[in-house]
Amino acid sequence: MGIFTEYLEKNLTFEELNKERKRQLKRISELRGGRDILVYAADLNKNNAPISIVYDDLLAINDQLSNLSGDALDLILETPGGSGEVAEDIVKLIREKYNDVAVIVPGWAKSAGTIIAMSCDAILMEPASALGPIDAQITRGGKTFSADALIKGMEEIKDEVTRTGILNKAYIPILQGISPGELQGAQNALNFAKELVREWLVKYKFKDWNFHSLDGSPVTYEEKLQRAEEIASELADHSKWLTHGRSIKIDDLERMKLKIDDYSQNLELADAIRRYYTLLKMTLDTNIYKVFETIDSQIFKAIHPPSQPPGQPNGRGTKAVFDLQCRRCNKIMKIQANLGQVQPLESGHIPFPPNNILECPGCGEKMDLTPARKDIQSQTGLPIV
């Protein structure tokens, strides 16, 4: 019987689910020699919630770190990525407290999540785990695309003009729509990700790489820097991965000469991590979209905490207000869902769309809020009007 099926058949209450999740977290810590554990996880399927790495996460992470007192940390990471600047701040928070940090990736740690992973002394994955490319994404005209692809495209146009002495007229609309400042911004965003990875690999991942495995000769600082540069450049190479969402597996990383610890080789540890990850996913199958936790504490972020206005104990007039992050431009909107009867719209809020399709006022991206409607109505017992 699979782990997921086993837990489903137990029909755990939410409280029982929490207790079992904590039990497996403690088990992981014990199997890892008593190391502290911090979980930073988001539900990758809730595109109608701010699941990306954002500045708001720093408060919760710092709060959970304050509950820990050991000298080594395991970070369990599940994220679609997000702000590289916030990833840098997260690493600074962790590194101010710990000299020994390992990351455990039971599922996905993409984009800025991969950048965080590169700051750790050890990276623990199994064949089902995946990191992702770190090529910076930029949004322009309501569309999101790779900064690396934009820069290389401009270089190809320049090379063609230099070679032929003629500018293809098909390129004119493209060039008219892109300013030198935008190109420089794209280059800066790409350089930022690569520089973080290069710096952190040398400082942390390679700090104990002192001798070559083949001949035992000493490893120089220049060799560490060169290896880090090669890895950072490959992770940022859009032309290699073709899409920002590409999964980079253990074999891919080892071909880059990046040492990965395959925890599936340790059967008991693998069982504990897989059980915790299954329970984590079951927790995120509720209205929770982010989990920050240690063995003894946790912070949950939920997509729509309903509020009960004073003087209406029967529930009529209740409204659910929740944050929604646009998956294209990352704009965060406050959505108001009126329950039972129509109410005045709060300042700065957007009404829940009658047809469940919300159009982002920033970029025009359309998002289906049908799952949110079903979740709100099932939890409150009231229709959205």
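These exercises work through helix packing, salt bridges and residue environments in a predicted model.

Residues are numbered from 1 along each chain as its sequence is written, and side-chain values use heavy atoms, with hydrogens and water left out. In this predicted model, local features need pLDDT of at least 70 and side-chain atom pairs count only at pLDDT 80 or more, while totals for chains, interfaces and linings use all residues.

**Exercise 1. The chain as a whole**

Task: State how many helices and strands the protein chain has, and what share of its residues is buried.

Solution:
- Step 1. The protein chain has 13 helices and 17 strands. Helices (H or I, at least four residues) and strands (E, at least two) are DSSP runs, numbered from the N terminus.
- Step 2. Of the 385 residues in the protein chain, 50% are buried. Buried means under 20% relative accessible area, exposed over 50%, and partly exposed in between (1.4 Å probe, protein chains only).
- Step 3. Take the contacts in the protein chain with a separation of 6 or more: residues 24 or more positions apart account for 67% of them. Contact means heavy atoms within 4.5 Å.

**Exercise 2. Two helix pairs**

Task: Classify the packing of helix 3 on helix 4, then of helix 2 on helix 12.

Solution:
- Step 1. Start with helix 3 (residues 57–65) and helix 4 (residues 84–97): their axes come within 11 Å and cross at roughly 10 degrees. Axes are lines fitted to C-alpha atoms, for helices over the stretch in contact, and angles run from 0 to 180 degrees between N-to-C directions.
- Step 2. Helix 3 is therefore roughly parallel to helix 4. Angles under 35 degrees count as roughly parallel, over 145 as roughly antiparallel, 65 to 115 as roughly perpendicular and the rest as oblique.
- Step 3. Helix 3 and helix 4 cross in a right-handed sense. A crossing is left-handed if the near helix is turned anticlockwise from the far one by less than a right angle, and right-handed if clockwise.
- Step 4. Helix 3 makes the contact through Leu 58, Ile 61, Asn 62 and Leu 65, and helix 4 through residues including Val 86, Ile 90 and Leu 93.
- Step 5. Now take helix 2 (residues 14–31) and helix 12, which pack at about 150 degrees with axes 9 Å apart. Helix 2 is therefore roughly antiparallel to helix 12.
- Step 6. The crossing of helix 2 and helix 12 is left-handed. Among the contact residues are Leu 17, Leu 25 and Ile 28 of helix 2, and Leu 269, Tyr 276 and Leu 279 of helix 12.

**Exercise 3. Salt bridges**

Task: Give the number of salt bridges in the structure, then place three of them in the fold.

Solution:
- Step 1. The structure has 25 salt bridges. A salt bridge is a side-chain nitrogen of Lys or Arg within 4 Å of a carboxyl oxygen of Asp or Glu.
- Step 2. Glu 6 and Arg 275 form one, at 3.1 Å from N to O. Glu 6 lies in helix 1 (residues 3–10) and Arg 275 in helix 12 (residues 267–284), so their bridge ties together parts 269 residues apart in sequence. Arg 275 is buried, at 15% relative accessibility.
- Step 3. Asp 43 pairs with Lys 46, with the closest N and O atoms 2.7 Å apart. Asp 43 is buried at 4% relative accessibility, and Lys 46 is buried at 11%.
- Step 4. Lys 92 and Glu 88 meet at 3.8 Å, N to O, in a salt bridge. The two are 4 residues apart in helix 4, so about one helical turn separates them. Lys 92 is partly exposed, at 44%.
- Step 5. Shared partners join Glu 6, Lys 10, Arg 27, Asp 271 and Arg 275 into one salt-bridge network.

**Exercise 4. Three charged residues**

Task: Describe the surroundings of Lys 194, Lys 207 and Glu 365.

Solution:
- Step 1. Lys 194 sits in helix 8 (residues 180–205). Lys 194 is buried without a salt bridge, and the nearest side chain of opposite charge, Glu 229, is 4.5 Å away. Lys and Arg count as positive and Asp and Glu as negative; His and the chain ends are not counted.
- Step 2. Beyond neighbours within four places in sequence, Lys 194 contacts Ile 134, Glu 229, Ala 232, Ser 233 and Ala 236.
- Step 3. Lys 207 lies in the loop between helix 8 and helix 9 (221–235). Lys 207 is partly exposed at 32% relative accessibility. Not counting residues up to four places away, Lys 207 touches Asn 99, Asp 121, Val 202 and Lys 224.
- Step 4. Glu 365 is in the loop between strand 16 (357–359) and strand 17 (366–368). Glu 365 is buried, at 11%. Its contacts outside four places in sequence include Arg 327, Arg 328 and Leu 358.
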